[in-house]
Amino acid sequence: MHTVGVIGLGNIAAMYGKPEDPAPYCHIGGIRHSGRVELKAVCDISAPVTAAFKERWGACFPDLHYHPSIASMWAADAPDIVAVCVRGPGHFEVMMEVIEAGPRAIFLEKPPTCSLGQMDAMVAAAKAKGIPITVSYSRHWCPHVLRLQELVQHEGLIGEVKTVVGHTGGTFLSFTSHVTDLICQFAGYDARAIYARGRPHREPPEGYEGEPELDAAVIEFASGVTGIHVGRQAEHGGFYVDVIGEEGLVRAGIYTKPFAKTKEGPIDLSQHGMPENASVFQVAYEQIADHLDGGPLPHCTDAAWHVVHELGFGGIESTLTNQRVEIPNANRSRLVYANG
């Protein structure tokens, strides 16, 4: 069992799920359902937030240690894995303190940083300490999405992938990034350029630029695959992709029924080992645990999330300049109020 400390006890950490949920959509629920990790400590500077957490989850973790600061948590518990679940503008400062403390792995909520310069500094600090950073593009770990990825990429279900169309809406870094990752999940993480259109979202606090909402984008991959963002939910909802191959199509998404077809008609996916549902956070933490036990890097770790984040900022840059933007971005200083 690997120990986990969670920093920030808001919605994605604890309140989007409940103890009775069979597949809770939150860090705490995923940890609780896992047999590979255990929750040892939590930290939040807000007494009311901590009280709400205790009311919902306290009985599930009677021996849990509560801390008012990162320093307190680290001095008393030094968990193997630290989950950073504070709001986006607080990520960089908190992450630099956590990296300095030196856990074995970090699970960071999206959006990872508010600028690419912050990303560069954070990545360099973690690399110097040998700490892998996994970013929570959480829809990625839906069990049936992972199985469809295997069927497409390793079992040739629909032949060579040519185009991946993502369906969602919202802001580039705080919302759409989930589907940017889904596109890369099936197209590969070798993105080389993006051309995007968007619109203003809301006025940001002083010192920040606003985070635009995506209308549409085209992503070029070095492999020759084309990624397309459609900035609105479609007939099957949001947070899904249509993966178009030479021999058929696969539809994959956390809220979308798995679907595949060839020119001959629909494919019976029940014959292809589709898994039972589970908390995406349980799956993610177990990938992190596997890595700490000597296995491969978890998905959405290090170079993979760097590409997704570059595409988010590239889409913003393209929207503001009306230009195709190559990846990695030349502009590392744009500071965006990404508060997802």
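This report describes a parallel sheet, a helix lying across it and a pair of crossing helices in a predicted model.

## The sheet

Six strands form an open sheet in the order S3-S2-S1-S4-S5-S6, and their pairing is parallel. Strand S3 (65-67) and strand S6 (133-136) are the edge strands, each pairing on one side only. From one strand to the next, the twist averages 25 degrees.

Within this sheet, strand S1 (residues 2-7) pairs with strand S2 (residues 37-43) in the parallel sense, over 6 bridges. Thr3 has Glu38 in S2 as its bridge partner. In general, the strands of a sheet pair through backbone hydrogen bonds, in either a parallel or an antiparallel manner.

## A helix across the sheet

Helix H5 (residues 91-101) lies across four strands: S1, strand S4 (81-84), strand S5 (105-109) and S6. The helix runs at about 170 degrees to S5.

## The crossing of H8 and H10

Helix H8 (residues 177-187) and helix H10 (residues 303-321) have axes that come within 10 Å and cross at roughly 125 degrees. The two helices are therefore oblique to each other. The crossing in which H8 passes H10 is right-handed.

On the H8 side, the residues in contact are Ser177, Thr180, Asp181 and Cys184. These meet Val307, Val308 and Leu311 in H10. By class, the contact between H8 and H10 comprises 4 nonpolar, 2 polar and 1 charged residues.

Key:
Residues numbered from 1 in each chain as written. Predicted model: local features only at pLDDT ≥ 70, side-chain atom pairs only at ≥ 80, totals over all residues. Heavy atoms only, no water. Axes fitted to C-alpha atoms, helices over the stretch in contact; angles between N-to-C directions. Parallel < 35°, antiparallel > 145°, perpendicular 65-115°, else oblique. Left-handed = near helix turned anticlockwise from the far one by under 90°. Contact = heavy atoms within 4.5 Å. Nonpolar A, V, L, I, M, F, W, Y, C, P; charged D, E, K, R; others polar. Pairing = 2+ DSSP bridges.
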